[in-house]
Amino acid sequence: MGTTDDGGGGPRPHGGVAFLLAQLGAHAAGRFAERVSALGLTPAQAGLLRLLARNPGRSQRELADVLGMPPSRFVAFADDLEARGLIERRRNPEDRRLYALFLGDAGTALLADLREVATAHEQQICEPLSAEEHEQLTALLGRLAAAQGLTPGVHPGYRSAQTARTAPPT
């Protein structure tokens with residue numbers, strides 16, 4: 001079970017690159033979900049907070065488009081974060097029909113904890129690599145992602161992000 005046929009007649013241990021990426025990606029995504037749930041967030045909510053920290057004041061429509069999420073789903077997704085004080089909706093001064101989103105005070109405070117969780121996650125996943133190998137792998141994966149037309153920094157899971165939030169930590 002440890003090898004697969006590479007299509008050229010020779011076996012490859014543990015599957016090809018695509019399989020290994022999928023296997024590691026599923027593992028990393030599951031571990032990250034566990035880690036951010038301790039902060040009372042889903043991975044998608046954590047991603048939106050990070051996106052707003054880098055790009056404050058974007059409209060709900062823009063954010064939905066960037067995330068690949070239907071606008072109707074995005075509104076419900078943002079409602080929960082707004083109710084918790086993590087984000088704020090403000091009327092867009094250039095177009096009063098639109099709302100611009102910003103981090104709320106609670107979101108800014110939570111972002112520091114989120115950075116710690118993300119750093120610990122990255123370190124744990126990449127522990128077997130040297131610093132040079134880590135940089136090299138990051139560059140190679142970035143090239144593969146770009147070649148596939150993936151939006152940098154945006155997880156494809158937003159398309160199916162759930163609107164229900166994770167229970168706050170106890």
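Is Ala-64 buried or exposed? At 0% relative accessibility, Ala-64 counts as buried, since the cut-off for that label is under 20%. Keep in mind that this is a predicted model. We'll come back to Ala-64 after a look at the whole chain.

**The chain at a glance**

There are six helices and five strands here. Going along the sequence, they come in the pattern β-β-α-α-β-α-α-β-β-α-α. The chain has 170 residues, and 28% of them count as buried. Its accessible surface is about 10,700 Å², with 56% of that belonging to carbon and sulfur atoms. As for contacts between residues at least 6 apart in sequence, 56% of them join residues at least 24 apart.

**The sheet**

Three of the strands make an open sheet, ordered 3-5-4, with antiparallel pairing. Strand 3 (58-59) and strand 4 (87-92) are at the edges with a single partner strand each, so one side of each has no neighbour in the sheet. As a general point, strands of a sheet pair through backbone hydrogen bonds, in either a parallel or an antiparallel way.

Now for the pairings themselves. Strand 4 and strand 5 (residues 95-103) run antiparallel and are joined by six bridges, and a hairpin of two residues links strand 4 to strand 5 along the chain. Strand 3 also pairs with strand 5 in the antiparallel sense, over two bridges.

Some of the residues that face each other across these pairings are set out here:

| Residue | Opposite it in strand 5 |
|---|---|
| Ile-87 | Leu-103 |
| Arg-90 | Ala-100 |
| Ser-59 | Ala-100 |

Ala-100 turns up twice: it is the bridge partner of Arg-90, and Ser-59 stands opposite it too. Arg-90 has something else going on, as it lies over the face of Phe-102, 4.0 Å from the ring centre.

What packs on the sheet? Helix 2 (residues 43-54) does, touching both strand 4 and strand 5. The direction of helix 2 makes about 105° with that of strand 5.

**Helix 4 and its two rings**

The structure holds one aromatic pair. Phe-74 and Phe-77 have ring centres 6.0 Å apart and planes at 55°, so the pair is tilted. An angle over 60 degrees would have made it edge-to-face, and one under 30 degrees stacked. Both residues sit in helix 4 (residues 71-83), and because they are three residues apart there, about one helical turn separates Phe-74 from Phe-77. How accessible are the two? Phe-74 counts as buried at 0% relative accessibility, and Phe-77 counts as buried at 1%.

**Back to Ala-64**

Where does the alanine from the opening sit? Ala-64 belongs to helix 3 (residues 60-67). Setting aside neighbours within four places in sequence, Ala-64 is in contact with Met-69, Pro-71 and Phe-74. Two of those names, Pro-71 and Phe-74, fall within the residue range of helix 4 (residues 71-83). Ala-64 and Phe-74 are ten residues apart along the chain, and their C-alpha atoms are separated by 5.9 Å. Put side by side, Ala-64 has 0% relative accessibility, and so does its contact Phe-74, the residue whose ring pairs with that of Phe-77.

How values were computed. Residues are numbered from 1 along each chain as its sequence is written. This is a predicted model: local features need pLDDT of at least 70, side-chain atom pairs count only at pLDDT 80 or more; totals for chains, interfaces and linings use all residues. Side-chain values use heavy atoms; hydrogens and water are left out. Helices (H or I, at least four residues) and strands (E, at least two) are DSSP runs, numbered from the N terminus. Buried means under 20% relative accessible area, exposed over 50%, partly exposed in between (1.4 Å probe, protein chains only). Contact means heavy atoms within 4.5 Å. Accessible areas come from the Shrake-Rupley method with a 1.4 Å probe; for residues, only the protein chains shown count as cover. Two strands pair if DSSP finds at least two bridges between them. Axes are lines fitted to C-alpha atoms, for helices over the stretch in contact, and angles run from 0 to 180 degrees between N-to-C directions. Rings of Phe, Tyr and Trp (its six-membered ring) pair if their centres lie within 6.5 Å; planes under 30 degrees apart count as stacked, over 60 as edge-to-face and the rest as tilted. A charge sits over a ring if NZ of Lys or CZ of Arg is within 6 Å of the ring centre and within 35 degrees of the ring normal.
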